[in-house]
Amino acid sequence: MINTDIFELHAQPDGIYLSCNSTDFKENDVYAFLKEYGIIRYDFKAIRNFIKDGQMCKICGRNPSLEKDAKVLVSMAGDRMSASITIEPPFFAKPWPKLEEVIAVLHANGVKIGIDKVAIQSLLARKLANETVVVAQGTPPVEGSDAYIELIKDPDKPFEVRDDEKIDFWSRSTIVTVHPGQEVAIKHPLVNGKTGVDVTGAAVRAQPVKNVEFSFGEGLKRDEENPLILLAVAEGQLKNDKGRLVVLPELNIGNDIDFSVGSIDFTGAVKISGSVREGFHVVAQGNIDINGMVEGADVDSQGFVIIHGGVRGMGKGTIRANNDVSLSFADQATIRAGGSILVKNSILHSRLYARRAVIALGGGRHSQIAGGRVDAGLEVSCNILGSEMGTKTEIIVGTPPDMLEKRKVFTSEIKRCDENLERIEPNFALLKKLESAGQLDDSKRAMMMDLTKMKFQLQAARDNMQKELDDLEEQLALVRDKGIVRVRDICYSGVVISVRGLNYIVHEPCRFTSFIADDEKRCIVLKPFDYMSGHLGG
């Protein structure tokens with residue numbers, strides 16, 4: 001007999017009988033009770049009557065073929081990484097299997113690894129019949145990772161702007177430049193995976209991983225201390241050349257400098273096939289060669305600037321070069337050169353300054369200087385100076401004002417260093433005397449060390465400035481007694497000419513003329529155009 005809080009089962013020779021200790025049950029409770037004890041075929045009519053009146057009734061006959069022992073069914077996942085069991089319950093009062101019996105069945109079905117005894121014990125304790133429960137788990141493989149290259153400086157990465165970010169689109173640049181010693185890329189090495197095991201004990205291997213190496217050319221090398229780092233060894237533009245990273249010492253722009261390229265700030269030379277549009281800038285430590293025009297933009301070179309199409313300044317931007325500037329024409333432009341400014345055609349309403357010369361002789365009658373102001377250290381030469389309308393045009397030749405300003409600054413700074421050294425010397429001499437007498441305490445010794453350091457710094461600064469001043473004086477000596485303005489065709493009235501501080505206003509047009517300073521007469525005198533030709537104002 002099986003007895004629970006509510007139901008009882010009785011095995012009689014003629015059949016199985018069902019009774020109850022309480023009428024507080026539902027129809028589903030009866031069917032669940034019968035299922036738990038392996039009774040799967042019964043008299044539905046008798047069951048319905050039992051549910052109504054709760055009277056003991058015969059629910060099925062005795063059939064030895066249905067009175068089975070419990071059966072453990074094993075199923076395995078397709079990848080064999082887990083195994084489950086389903087227990088068909090024993091009939092009536094036959095016993096449920098024990099833990100060891102279930103494990104034996106698992107072993108017999110090939111399950112040897114990762115068996116969860118706790119899960120099996122729970123299933124048996126609760127007598128979960130005909131329910132599939134996972135009772136074994138394999139150990140999955142740990143996947144590795146491929147090696148990959150992280151670009152610290154990415155030449156192909158588009159310019160990014162956050163939603164809340166304000167940006168000067170004229171100042172930004174899409175050109176990526178690098179400097180020697182700068183990290184360009186880092187290699188993250190591959191990580192091998194770890195082999196797992198399925199419930200049968202078979203190895204489950206992780207997916208194979210791939211290696212990758214740097215692909216680079218000129219201007220780059222591996223870091224000697226850490227080969228996983230790629231370093232730049234040259235100044236230049238970082239480019240992706242068909243999958244290889246290279247550093248190019250010269251930057252070549254195949255179109256205009258506009259919003260598609262952005263402004264340029266480059267460490268080498270720059271060649272631009274198009275023009276430089278309004279509001280942008282091109283800065284280079286090397287030469288700058290522009291095939292088109294410069295329109296209201298800034299161009300600044302530590303070397304030479306060549307502008308084949310000329311400059312239309314519109315009163316904006318400046319062209320600067322440490323050496324010469326060469327261009328087709330200048331209109332409302334500002335140009336400063338550490339050497340000479342060479343203009344093929346006209347210079348109109350512009351402000352030009354050259355440490356050596358401004359020459360506009362290449363375009364015949366189009367080589368004209370009209371309007372604005374031109375300063376040069378040695379010479380200004382053109383075909384036509386001024387205009388028939390009497391446009392005010394100023395030409396100033398002589399000692400370059402920037403050099404005079406530098407001389408003034410150097411002289412002032414050298415004087416300041418000398419005064420500070422004079423103030424330090426008495427105190428320093430006194431402390432040295434005390435040191436010789438062995439009378440320096442710690443505070444005075446610290447003071448002497450500070451004064452010594454200050455004295456060396458001041459003296460070094462003074463020596464450097466004196467060297468620069470001496471070099472500057474040599475340059476000034478070269479131009480001190482020189483200066484000439486040459487006009488090959490015609491100089492119109494209204495032009496104001498200054499040579500080495502002496503002024504001359506042109507009241508009547510003159511032709512084939514040179515203007516030079518006569519130091520004895522303290523005035524400007526007129527000479528033929530080819531006067532002292534080839535001696536640059538000598």
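Which residue stands opposite I229 in strand 14? The residue is I186, and the view of its sheet comes first among these legends to a predicted model.

**View A. Strands 8, 10, 14 and 13 make up an open sheet with antiparallel pairing.** The strand order is 8-10-14-13. Strand 8 (148–151) and strand 13 (220–222) stand at the edges, and each has a single partner strand, so one side of each lacks a neighbour in the sheet. On average, neighbouring strands of this sheet are turned by 25° against each other, with direction ignored. Strand 10 (residues 183–188) and strand 14 (residues 229–232) run antiparallel and are joined by 3 bridges. I186 and I229 face each other in this pairing.

**View B. Strands 5, 6 and 7 form an open sheet of 3 strands.** Pairing is antiparallel and the order is 5-6-7. The edges are strand 5 (71–76) and strand 7 (132–137); each has a single partner strand, so one side of each is left without a neighbour in the sheet. The average turn between neighbouring strands here is 30°, direction ignored. Strand 5 is joined to strand 6 (residues 82–88) by 6 bridges, and the two run antiparallel. Within strand 6, T86 is the bridge partner of L73. Helix 3 (residues 99–108) packs on this sheet and touches strand 5, strand 6 and strand 7. The direction of helix 3 makes about 40° with that of strand 5. Helix 4 (residues 117–126) lies across strand 6 and strand 7, and runs at about 160° to strand 7.

**View C. Helix 3 packs against helix 4.** The axes of the two helices are 10 Å apart and the packing angle is about 120°. Angles from 65 to 115 degrees count as roughly perpendicular and those over 145 as roughly antiparallel; helix 3 and helix 4 are therefore oblique to each other. Their crossing is right-handed. On the helix 3 side, the contact holds L99, V102, I103 and L106, which meet K117, I120, Q121 and L124 of helix 4. By class, the residues of this contact are 6 nonpolar, 1 polar and 1 charged.

**View D. Helix 1 (residues 27–36) crosses helix 2 (residues 44–53).** The angle is roughly 130°, and the axes come within 10 Å. That angle makes helix 1 oblique to helix 2. The crossing is right-handed. Helix 1 contributes E27, V30, Y31 and L34 to the contact, and helix 2 contributes F44, I47, F50 and I51. This contact has 7 nonpolar residues, no polar residues and 1 charged residue.

**View E. Strand 39 (residues 510–518) pairs with strand 36 and with strand 40.** Strand 39 is mostly covered, with 7 of its 9 residues buried. Its pairing with strand 36 (residues 484–491) is antiparallel and extends over 6 bridges. In that pairing, C510 of strand 39 stands opposite C491. Strand 39 also pairs with strand 40 (residues 523–528), in the antiparallel sense and over 6 bridges. There, D518 stands opposite C523 of strand 40. Strand 39 and strand 40 form a hairpin, with 4 residues between them. In the turn, R522 has a positive phi of about 55°.

Methods
Residues are numbered from 1 along each chain as its sequence is written. This is a predicted model: local features need pLDDT of at least 70, side-chain atom pairs count only at pLDDT 80 or more; totals for chains, interfaces and linings use all residues. Side-chain values use heavy atoms; hydrogens and water are left out. Buried means under 20% relative accessible area, exposed over 50%, partly exposed in between (1.4 Å probe, protein chains only). Two strands pair if DSSP finds at least two bridges between them. Axes are lines fitted to C-alpha atoms, for helices over the stretch in contact, and angles run from 0 to 180 degrees between N-to-C directions. Contact means heavy atoms within 4.5 Å. Angles under 35 degrees count as roughly parallel, over 145 as roughly antiparallel, 65 to 115 as roughly perpendicular and the rest as oblique. A crossing is left-handed if the near helix is turned anticlockwise from the far one by less than a right angle, and right-handed if clockwise. Ala, Val, Leu, Ile, Met, Phe, Trp, Tyr, Cys and Pro count as nonpolar, Asp, Glu, Lys and Arg as charged, and the others, Gly among them, as polar.
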